[in-house]
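Dear colleague,

Please find below the structure that I am handing over to you. My notes on side-chain contacts follow directly after it.

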Amino acid sequence: AGAAGAAVVLLLVLRLTPLGHTARRWFTSMPLGLHNSRRAKKKHAVIDLAQFDTVKSYIASLPRSPRRSLTKARELDPSIRLQVVPSWAIGREHLAVAVDHELRAMQQRLAARPAAFFRTLVAGAMLGEVLEYRAVADGQLVAWSVTICKGDTARGQWFYQRTEWSKKHIWFHSVVHTVEQVIAFRQRGHSPSLRWVDAGPSGTAAVEEVKQKLGFTITDQWQDQGWCDYSGDYVDLYGTPTEFATRTQRKTD
């Protein structure tokens, strides 16, 4: 209990203080799994996008069923709008969505709320850009995911959605949208350039299978030479103000 309390305090410091920004950069590499560890690495789903010059060429490379799914998902449901915000904007709305998601996903419902709280706190303490999916009718946050780009890789680190919106293909949209943005980033000639999308580990065998059908390779060697290169700096894929100083300046303007 003491260790858990200390972890929460550290996360709050990273989340709420300008002094913690440098530490936030260091902290981000831990949830990404980049710190050296003796533990066996989890298998990740990764795809090399250097072979594609457009998102359409990526979709065309897939078998019929996933090709149709991504083609449909790419056109976001008209009842939903998408906006991108920096990770420090994560707050109560995002927590509510995470709680709803975890209550649906976890077998031990008593653990769902603490898990959602901790993971939302971690997401807010990290660097990254948040895809917010909001209802057009009333602006309610219905789903969110975080993209963190480092070196030549864009990592999809979190995804949560409300139960009543789970049939809107939002997760598929988040995948194909990230692929599209990374390809566009490469086409614009940015340096350093992004090459890989890392969809992270899969919670179930079924999710792992879906990622494979979308062209991702499942491997525990994702950080080895010839795979994702996380050695470079953090990159803002969407150009949102991820620096904490920007947040502080906005408050004083």
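**Side-chain contacts in the predicted model**

Tyr160 counts as buried, at 4% relative accessibility. Please bear in mind throughout that this is a predicted model.

**Aromatic pairs**

Searching the whole structure yields five aromatic pairs. One of them joins Trp144 and Tyr160 in a tilted arrangement, with 5.2 Å centre to centre and 50 degrees between the planes. Trp144 belongs to strand 4 (residues 141-150) and Tyr160 to strand 5, so this contact ties together parts that are 16 residues apart in sequence. Trp144 is buried, its relative accessibility being 0%, and Tyr160 is buried at 4%.

Another pair is made by Trp171 and Phe172, and this one is edge-to-face: the centres are 5.1 Å apart and the planes form an angle of 75 degrees. The angle is over 60 degrees, which is why the pair is classed as edge-to-face. Trp171 is partly exposed, with a relative accessibility of 22%, and Phe172 is likewise partly exposed, with a relative accessible area of 21%. Both values lie just outside the buried class, because buried requires a relative accessible area under 20%.

**Salt bridges**

Side chains of opposite charge can pair when their charged atoms come close. In this model the count of salt bridges comes to 10. I describe some of them here.

Glu180 and Arg74 form a salt bridge in which the closest N and O atoms are 2.8 Å apart. The two residues come from distant parts of the chain: Glu180 is in helix 7 (residues 170-187), Arg74 is in helix 4 (residues 64-74), and 106 residues separate them. Glu180 is partly exposed at 23% relative accessibility, and Arg74 is partly exposed at 27%.

Arg134 and Glu93 also meet through their side chains in a salt bridge, with an N to O distance of 2.9 Å. Arg134 is located in strand 3 (residues 129-135) and Glu93 in helix 5 (residues 92-105), so the contact ties together parts that are 41 residues apart in sequence. Arg134 is buried, with 8% relative accessibility, whereas Glu93 is partly exposed, with a relative accessible area of 39%. These two residues are linked with Glu132 in a network of salt bridges.

What does the side chain of Asp198 meet in a salt bridge? The partner is Arg155, at 3.0 Å from N to O. This pair too links distant parts of the chain, with Asp198 in strand 6 (residues 196-198) and Arg155 in strand 5 (residues 153-161), 43 residues apart. Asp198 is buried at 0% relative accessibility, and Arg155 is buried with a relative accessible area of 1%.

**Charges over rings**

Arg155 appears in a further contact: its charged end sits over the ring of Trp222, 5.3 Å from the ring centre. Arg155 therefore has two contacts in these notes, the salt bridge with Asp198 and the position over the ring of Trp222, which counts because the distance is within 6 Å of the ring centre and the angle criterion is also met.

Lys150 provides another example, lying over the face of Tyr234 at 5.3 Å from the ring centre.

With kind regards

How values were computed:
Residues numbered from 1 in each chain as written. Predicted model: local features only at pLDDT ≥ 70, side-chain atom pairs only at ≥ 80, totals over all residues. Heavy atoms only, no water. Salt bridge = Lys/Arg side-chain N within 4 Å of Asp/Glu carboxyl O. Helix = DSSP H or I, 4+ residues; strand = E, 2+ residues; numbered from the N terminus. Buried < 20%, exposed > 50% of the residue type's maximum accessible area, 1.4 Å probe, protein only. Phe/Tyr/Trp six-rings, centres within 6.5 Å; stacked < 30°, edge-to-face > 60°. Lys NZ or Arg CZ within 6 Å of the ring centre and 35° of its normal.
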